[in-house]
Amino acid sequence: MKELIQDLVQIAGPSGYEADVREYVQKDLKGHVDEMKVDPLGNLITRKGPKDGSGLNVMLAAHLDEIGVIVTHLDDNGFARFTTVGGVFPRNTVGARVKFLNGTGGVIGMEPTGYSSVTPINQMYIDVGVTKKSEMPVKVGDVAAFERTFEDLGKRLVSKALDDRVGVAVLIEIMKQLKDTPHNVFGVFTVQEEVGVRGAAAAAYGVDPDLGIAIDVTLTGDTPKAKTMDVSLGKGPAIKVKDSGMISDPRVVAWMEAGAKRARIPYQKEILTGGSTDARAIQITREGVPAGCVSIPCRYVHSPSEMVDYKDVQDSVKLLVQLLKRPIKL
Ligand code: CO
Ligand code: ZN
């Protein structure tokens with residue numbers, strides 16, 4: 001699965017511009033699912049299992065998009081001003097490299113405003129290596145993703161866009177491995193999560209599931225002087241109890257915990273005080289849907305060097321595959 005993750009993180013797909021990532025997933029899943037379609041917003045909706053069986057309509061969601069930047073202004077000396085697409089932290093941004101969808105590379109610099117405090121994004125610029133506006137290889141409205149190499153540290157993987165390509169990889173594996181499920185399982189690869197779970201909202205309305213589960217990353221409390229959060233890398237998938245956008249259905253939490261115990265998969269309970277996932281949008285679609293989330297613990301989320309533990313990734317696949325093989329009684 002490491003190769004799959006490496007391939008996925010290397011594709012640029014800022015919110016709204018997920019087409020290349022989506023095409024990769026479509027190719028990779030060909031022949032492994034019963035149906036596949038792209039909805040008008042760009043979500044890739046795959047389906048596997050009996051349509052009128054004894055099971056539930058289950059929607060699994062992992063988002064294709066990643067955070068990025070968009071050009072707002074070009075100045076006379078060839079510097080591009082920009083704003084953010086999704087939750088880009090200014091503190092992670094100076095010195096970062098970006099890659100535009102047209103292939104142009106650039107480095108983010110800042111006005112000399114003092115190096116002890118965090119410079120706001122509007123005092124930063126993208127330097128694409130030219131000196132005149134007329135030479136600029138990018139235009140206002142052009143979008144770029146962060147650029148950083150994938151590192152395999154053995155147990156741990158480091159890359160940009162692990163949020164949420166690692167979830168995309170987990171969902172691909174689940175759809176491949178699921179056989180003989182009694183459920184009608186929709187593997188949905190969503191767009192525009194990072195700008196407010198927009199793709200999942202539309203997809204959930206269309207799928208109209210009985211149960212919704214997001215697969216995404218979460219923060220950890222295992223680094224020096226980190227916030228008191230009981231999630232660590234390497235201690236298993238995190239079963240979300242609450243984040244700032246939703247409260248998981250307690251029946252879904254209990255079902256996931258029981259499944260982890262039965263299969264002897266290590267797990268953690270997640271309470272995230274800032275941020276949310278596609279599960280929020282699924283939960284409040286139509287008349288409401290029981291929803292939860294399996295989170296992959298991740299350090300340095302929304303920086304160009306996010307880190308996950310490979311065993312947590314594998315265990316997330318295991319947990320969901322064995323949960324979906326059996327009848328579900330919430
Ligand atoms: Co994110
Ligand atoms: Zn995410």
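This report walks through the metal site, the empty spaces and the ring contacts of a predicted model.

## Ground rules

The model is predicted, so local features need pLDDT of at least 70 and side-chain atom pairs count only at pLDDT 80 or more, while totals for chains, interfaces and linings use all residues. Residues are numbered from 1 along each chain as its sequence is written, chains are lettered from A and ligands numbered from 1 in the order in which they are written, and side-chain values use heavy atoms, with hydrogens and water left out.

## The two metals

Let's start with the cobalt ion (ligand 1). Its donors (N, O and S atoms within 2.8 Å of the metal, or 3.2 Å for Na, K and Ca; water is not among the atoms, so sites may look incomplete) are Asp-163 (OD), Glu-194 (OE), Glu-194 (OE) and His-302 (NE2), at 1.8 to 2.6 Å. Along the chain they follow the spacing D-x30-E-x107-H. Asp-163 belongs to helix 3 (residues 162–177), and His-302 sits 139 residues away in the loop between strand 16 (291–299) and strand 17 (306–309). Helices (H or I, at least four residues) and strands (E, at least two) are DSSP runs, numbered from the N terminus.

The zinc ion (ligand 2) takes its protein donors from His-63 (NE2), Asp-163 (OD), Asp-216 (OD) and Asp-216 (OD), 1.9 to 2.6 Å away. Their spacing in sequence reads H-x99-D-x52-D. Here Asp-163 of helix 3 is paired with Asp-216 of strand 13 (residues 211–218), 53 residues apart. Asp-163 is the bridge: it coordinates both ions, which are 3.2 Å apart.

## Geometry and burial

What arrangement do the four donor atoms around the cobalt ion (ligand 1) make? It is irregular, because they subtend angles of 55 to 146°. The zinc ion (ligand 2) is irregular too, since its four donor atoms subtend 52 to 147°. For the record, four donors count as tetrahedral if all angles lie between 85 and 135 degrees; four count as square planar and six as octahedral if opposite donors are over 155 degrees apart and all others between 65 and 115; anything else is irregular.

As for the ligating residues, Asp-163 and His-302 are buried, and Asp-216 is buried as well. Buried means under 20% relative accessible area, exposed over 50% and partly exposed in between (1.4 Å probe, protein chains only).

## Empty space

There are two cavities of 30 Å³ or more, and the largest has a volume of about 90 Å³. Its lining includes the metal ligands Asp-163, Glu-194 and His-302, along with Phe-146 and Lys-160, among others.

The largest pocket holds about 790 Å³. Of the 32 residues lining it, Phe-89, Leu-219, Leu-272, Gly-274 and Val-301 lie nearest its centre. Strand 13 and strand 16 each give two or more residues to that lining, and strand 13 gives the most, with three.

On a 1 Å grid over the protein atoms alone, a cavity is a set of points where a 1.4 Å probe fits but cannot get out, and a pocket is an open set with protein on both sides within 12 Å along at least five of seven lines; lining residues have an atom within 4 Å of a point. Points are joined across faces, edges and corners, and a volume is the space filled by probe spheres set on them.

## Rings

One aromatic pair turns up (centres within 6.5 Å; planes under 30 degrees apart are stacked, over 60 edge-to-face, the rest tilted). Phe-79 and Tyr-125 are edge-to-face because their planes stand at 65°, with centres 4.9 Å apart. Phe-79 is in strand 5 (residues 79–85) and Tyr-125 in strand 8 (residues 124–127).

Arg-91 has its charged end over the ring of Phe-89, 4.4 Å from its centre (NZ of Lys or CZ of Arg within 6 Å of the ring centre and within 35 degrees of the ring normal).

Notes: Rings of Phe, Tyr and Trp (its six-membered ring) pair if their centres lie within 6.5 Å; planes under 30 degrees apart count as stacked, over 60 as edge-to-face and the rest as tilted.
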